[in-house]
Amino acid sequence: MLDCIEHDRDLVIEKSREMGASWMGLLVIHWLWMFQEWQKFLVISRSAEAVDSPGDPDSLFWKLDFIHGYLPRWLINPRLGKKGRAKMRFRNMLTRSTITGQASTGKAGVGGRATAMFIDEFSQITEDAEVLQRTSDTTGCRIFNGTHL
C-alpha cells in the first residue's frame, strides 16, 4: 500500500471476511496522517453511515477513532485535542494532514486533490463506473477494497 501511495499507482484488494483489509488500509493512512506533512486522504464507502457512525464498529471512522484512541499518550500530539476530529474529518494540526470521508455518490471524490483515496467495498457501490471515472484526476493512488462480486 505504501509503495502504491508513494509512486501514484492504484491498488485493488479483493478481500474476504476476516482478512483485515479495511483495517490495514486505514492503519496505513492513519500512520501517514500522523507522521507525514501535508497529506490529504479521502475515505469513501457505500453510505455516509458506513463512513462515519460513532457507535458502529463497522464504520471506517469508528475504526480510525479506535486506532487513535489506543495509541500511547506520548505518541499523541497534545495540540490535536478535540479540534482535530469532526464529522467525517480528522485534522492533524502539527503535520497539517487530513483524512476526510464521503459517501459513494457518483460525485464522490470529485474536486480537489488527495494524496490517496481508500474506496471501501467498491464492489457494493451502485455508481461504481462513475466513481472510477471521476476520481482518476483527483489522486494518483486509489486503493479499491472490496469483497468479490
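The accessible surface of this protein comes to about 8300 Å², and 55% of that area belongs to carbon and sulfur atoms. Keep in mind as you turn the structure around that this is a predicted model. Let's begin with the whole chain and then visit a few residues one by one.

The C-alpha atoms fill a box of roughly 45 × 30 × 25 Å along the principal axes. How does the radius of gyration fit a compact globule? For 149 residues, such a globule would have a value near 15 Å, and the protein has 14 Å, which agrees. Of the 149 residues, 44% are buried. Look also at how the chain meets itself: among contacts with a separation of 6 or more, 68% join residues that are 24 or more positions apart. As for charge, the protein carries 19 positive and 18 negative charges, and their mean positions are 10 Å apart.

Now trace the chain from its start. There are 5 helices and 7 strands, and along the sequence they follow the pattern α-β-α-β-α-α-β-β-β-β-α-β.

Our next stop is the loop between α1 (2-6) and β1 (11-15), where you will find aspartate 8. Aspartate 8 has a positive phi of about 50 degrees, although it is not a glycine. That is worth a second look, because most residues other than glycine have a negative phi. Methionine 88 shows a positive phi as well, of about 60 degrees, and it is not a glycine either. You can locate methionine 88 in the loop between β3 (85-86) and β4 (89-92). Is methionine 88 buried or exposed? Its relative accessible area is 15%, and the cut-off for buried is under 20%, so methionine 88 counts as buried.

Move on to serine 59, which sits in the loop between α3 (48-51) and α4 (60-69). Serine 59 has 0% relative accessibility and therefore counts as buried. What does its side chain have for polar company? A polar atom of the serine 59 side chain lies 3.1 Å from the backbone oxygen of serine 53. Leaving aside neighbours within four places in sequence, serine 59 is in contact with Glu49, Ala50, Val51, Asp52 and Ser53.

The end of the chain offers a nice pair to set side by side. Aspartate 137 is in the loop between α5 (128-134) and β7 (142-147). With a relative accessible area of 64%, aspartate 137 is exposed. If you would like a sense of scale, find glutamate 37: it is 100 residues from aspartate 137 along the chain, and their C-alpha atoms are separated by 22 Å.

Arginine 142, in contrast, lies in strand β7 and is buried, because its relative accessibility is 8%. Which residue does the arginine 142 side chain meet in a polar contact? The partner is aspartate 10, and the side chains are joined at 2.7 Å. Not counting residues up to four places away in sequence, arginine 142 also touches residues from several parts of the chain, including Arg9, Leu11, Met117, Ile119, Val131 and Leu132. Thr135 and Ser136 are among the residues touched by arginine 142 too.

Conventions
Residues are numbered from 1 along each chain as its sequence is written. This is a predicted model: local features need pLDDT of at least 70, side-chain atom pairs count only at pLDDT 80 or more; totals for chains, interfaces and linings use all residues. Side-chain values use heavy atoms; hydrogens and water are left out. Helices (H or I, at least four residues) and strands (E, at least two) are DSSP runs, numbered from the N terminus. Buried means under 20% relative accessible area, exposed over 50%, partly exposed in between (1.4 Å probe, protein chains only). A polar contact is a pair of N or O atoms within 3.5 Å; within protein, one must be able to donate a hydrogen and the other to accept it, and residues adjacent in sequence count only if both atoms are side-chain atoms. Contact means heavy atoms within 4.5 Å. The radius of gyration is taken over C-alpha atoms; the globule rule is 2.2 Å times the number of residues to the power 0.38. Accessible areas come from the Shrake-Rupley method with a 1.4 Å probe; for residues, only the protein chains shown count as cover. Lys and Arg count as positive and Asp and Glu as negative; His and the chain ends are not counted. The place of a charge is taken as NZ of Lys, CZ of Arg, CG of Asp or CD of Glu.
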